[in-house]
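Here is a short guided look at one protein model, written to be read with the structure open beside you. Feel free to click along as you go.

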Amino acid sequence: MKLKQTPQQWKAENQAIKEVIRKEVSKIPIEDKLGTDCDELLLEWVWHACACAKTYDKKTDVYRLKRMKDTEELSQGRRAITNAAKALLKGLKMNPKLASGSSVRAFFSLRDQGITFLARKDGTAMPPEELLSTALTELIEGVKHPALSLRNGNFLHETCHGCLGYPDPIRSSRLPDADFMLLFAVVLYIRLRSLGGR
């Protein structure tokens, strides 16, 4: 593997970048309430943000990759449930006698376990095979609902993109690029320093 830069070239380039940042940071009017050299600390923060932005690659963003994996798993699960329910529904329609007998047996078994199903709203009885068929049809439709998602905000990858953290789970594929994230980080660091933060 051949490196694009030698260590000396990389060091020289980073030193040049630090000098440009130092020059720009020195123009920012910041009140240092802590009595320390705020330019050096801010310089270090901004340099770190620039280094992260330079190496950021959307294709290798661990948060994005994990969200993509979650989406694929959800999609596979939806397909599996839909296909199984459709196959069962098709089998029930092709074999009405078997469907009637097996449905009755299944619902009696559930009733013995204390699980009961209400029929229609008007209180009339619904044949077990019709109830099972309706339940499978609703399952097929319900699995398609967009509200069913693996993202609920409990995991870091659901709310993070690069250096940005969002209050709610990320559901959009249109996310900021490295330049915007760098701008956000620099503005945040300047505000933190102007408030006396370390």
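The text below starts with the overall fold and then visits a few places in turn.

**The overall picture**

Please keep in mind that this is a predicted model. The protein has seven helices and two strands, and along the sequence these follow the order α-α-α-α-α-α-β-β-α. The chain has 198 residues, and 22% of them count as buried. Its accessible surface amounts to about 14500 Å², with 61% of that area belonging to carbon and sulfur atoms. If you look at contacts between residues at least 6 apart in sequence, 62% of them join residues at least 24 apart.

**Two salt bridges**

How many salt bridges does the structure hold? There are two, and the table sets them side by side.

| Salt bridge | N to O distance |
|---|---|
| Asp70 and Lys66 | 3.2 Å |
| Arg79 and Glu72 | 3.7 Å |

As a reminder, side chains of opposite charge can pair when their charged atoms come close. Asp70 and Lys66 both sit in helix α3, and because they are four residues apart there, about one helical turn separates them. Asp70 is buried, as its relative accessible area is 8%. Its partner Lys66 has 32% relative accessibility and so counts as partly exposed.

For the other pair, Arg79 is partly exposed at 43% relative accessibility. Glu72 is also partly exposed, with a relative accessible area of 39%.

**Thr82 in helix α3**

Thr82 is another residue to find in helix α3. Is Thr82 buried or exposed? Its relative accessibility is 12%, so Thr82 counts as buried. A polar atom of the Thr82 side chain lies 2.8 Å from the backbone oxygen of Arg78. Beyond its neighbours within four places in sequence, Thr82 touches Ile140 and Val143.

**A buried acid without a salt bridge**

Next, have a look at Asp61, which is buried yet has no salt bridge. Which side chain of opposite charge is nearest to Asp61? That is Arg67, at 5.3 Å. A salt bridge needs the nitrogen and the carboxyl oxygen within 4 Å, so the pair of Asp61 and Arg67, at 5.3 Å, does not count as one. Asp61 does have a polar partner: its side chain and that of Tyr56 are joined by a polar contact of 2.7 Å. Once neighbours within four places in sequence are set aside, the contacts of Asp61 are Tyr56, His161 and Gly162.

**Where helix α2 meets a distant part of the chain**

Ala53 belongs to helix α2, which covers residues 38-55. With a relative accessible area of 19%, Ala53 is buried; the cut-off for buried is under 20%. Ala53 and Ala178 are 125 residues apart along the chain, but their C-alpha atoms are separated by 5.3 Å. Apart from neighbours within four places in sequence, Ala53 is in contact with Ala178 and Leu182.

**A nonpolar patch on the surface**

Helix α7 spans residues 178-194 and includes Phe180. Phe180 is partly exposed, its relative accessible area being 42%. Together with Leu183, Phe184, Val187, Leu188 and Leu192, Phe180 makes a nonpolar surface patch of about 510 Å².

Conventions:
Residues are numbered from 1 along each chain as its sequence is written. This is a predicted model: local features need pLDDT of at least 70, side-chain atom pairs count only at pLDDT 80 or more; totals for chains, interfaces and linings use all residues. Side-chain values use heavy atoms; hydrogens and water are left out. Buried means under 20% relative accessible area, exposed over 50%, partly exposed in between (1.4 Å probe, protein chains only). Contact means heavy atoms within 4.5 Å. Patches are made of residues with over 30% relative accessible area and no salt bridge: like charges are joined within 9 Å, nonpolar side chains (Val, Leu, Ile, Met, Phe, Trp, Tyr) within 5 Å. Accessible areas come from the Shrake-Rupley method with a 1.4 Å probe; for residues, only the protein chains shown count as cover. Lys and Arg count as positive and Asp and Glu as negative; His and the chain ends are not counted. A polar contact is a pair of N or O atoms within 3.5 Å; within protein, one must be able to donate a hydrogen and the other to accept it, and residues adjacent in sequence count only if both atoms are side-chain atoms.
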